[in-house]
Amino acid sequence: MARVLILTETDLRGIVPLDVDAVDCVEQAFVALATKAVGMPPIMRLDIPAHRGEVDVKAAYVPGLDSFAIKVSPGFFDNPSLGLPSTNGLMMLLSAHTGLVEALLLDNGYLTDVRTAAAGAVAARHLARPDARIAAILGAGMQARLQLRALTLVRPIQVARIWARDVEKAEKIARELTAELGFPVSAQADAQQACRGSDIIVTTTPSDRPILDASWLEPGQHVTAMGSDAEHKNEIDPAAIPCAEPYVADSLRQTRRLGELHHAIAAGIVTEGTAFPELGAIISGQAVGRRSDAAITLCDLTGTGVQDTAIATLAYRRAVSAGAGQAIETTKASGDPS
């Protein structure tokens, strides 16, 4: 008799916080992508332009893990005007041995938020200068909050700046993060001013045109771009790609198709066949990351199925250990065709 564990967002928030363990979990997912025969199909995306919506489906099988995840992740970017969150979704965890469903993680996008923020921390851990203390966050949504929190787990952040097109929203999040994190977080009306003198810059928007100009970049800065997870999205001036030493992809196959690199290729700034390192290769020592304190580094995070399998597996393991969630029986009798 098989059972499926049902876990709600409330359950998952209680057992999978954004902490160093989550960062380490996602870091090992990137290592697996670089060192193991991971099965990770291309992202499937369904666009719903009438309502400014999109739905991504991601999955990955990691050799050595007992389970694999399939994630459905909607993003409807007019939802805030309706009083609804812009992102939602769920993950399904299946046995890698039998294919049976083990768990439904009804997280409303929470685990995606955690693993995305953790990926930003992994990028900063391996590419930003160890003494990085000033952060600039471009965007003022949920991921802007989480990216800054995640940076504090891996770098000695002491000052942060928030820029968004909606200045009032930036001011609100700046006040809240100042109270939460215990260091000054200011709202900036000008994106270039927010970036000036920053050690780490993180872009966190669904923008379809660059919000970070290549001419703004300064020696020693690290940039994490995490908003361009579809072909039409573009946060970084394509001219910034050849400025980076190095430019780093989460998955080079993906960033050539839909990341910031995609736009640099389309603009003729780099060729499609140009070789760039992946984050997992840098973590595992197969490729060189930051070459000097003066280098500009740029990490292009498009979001990978291997991150989803990693965080879903962690959540399931913790849920079983804690006795969280509700189990339901699902299996019919063997051979029953009904």
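Q: What makes helix 3 oblique to helix 4?
A: In this predicted model, helix 3 (residues 110–127) and helix 4 (residues 142–154) pack at an angle of about 45°, with their axes 8 Å apart. Angles under 35 degrees count as roughly parallel, over 145 as roughly antiparallel, 65 to 115 as roughly perpendicular and the rest as oblique, so helix 3 is oblique to helix 4. Axes are lines fitted to C-alpha atoms over the stretch in contact, and angles run from 0 to 180 degrees between N-to-C directions.

Q: Which residues make the contact of helix 3 with helix 4?
A: Contact means heavy atoms within 4.5 Å. Among the residues in contact are Asp-113, Gly-120 and Arg-125 of helix 3 and Met-142, Leu-146 and Val-154 of helix 4.

Q: Why is helix 4 called roughly parallel to helix 5?
A: The axes of helix 4 and helix 5 (residues 167–181) cross at roughly 30° and come within 11 Å. That angle makes helix 4 roughly parallel to helix 5. Ala-144, Arg-145, Leu-148 and Arg-149 in helix 4 meet residues of helix 5 including Lys-172 and Glu-176.

Q: How do you know that the span of helix 4 is close to the one expected?
A: The expected span is 1.5 Å times one less than the number of residues. Helix 4 has 13 residues, for which 18 Å is expected, and reaches 19 Å from its first C-alpha to its last.

Residues are numbered from 1 along each chain as its sequence is written. Local features need pLDDT of at least 70, side-chain atom pairs count only at pLDDT 80 or more, and totals for chains, interfaces and linings use all residues, while side-chain values use heavy atoms, without hydrogens and water.

Definitions and conventions. Helix = DSSP H or I, 4+ residues; strand = E, 2+ residues; numbered from the N terminus.
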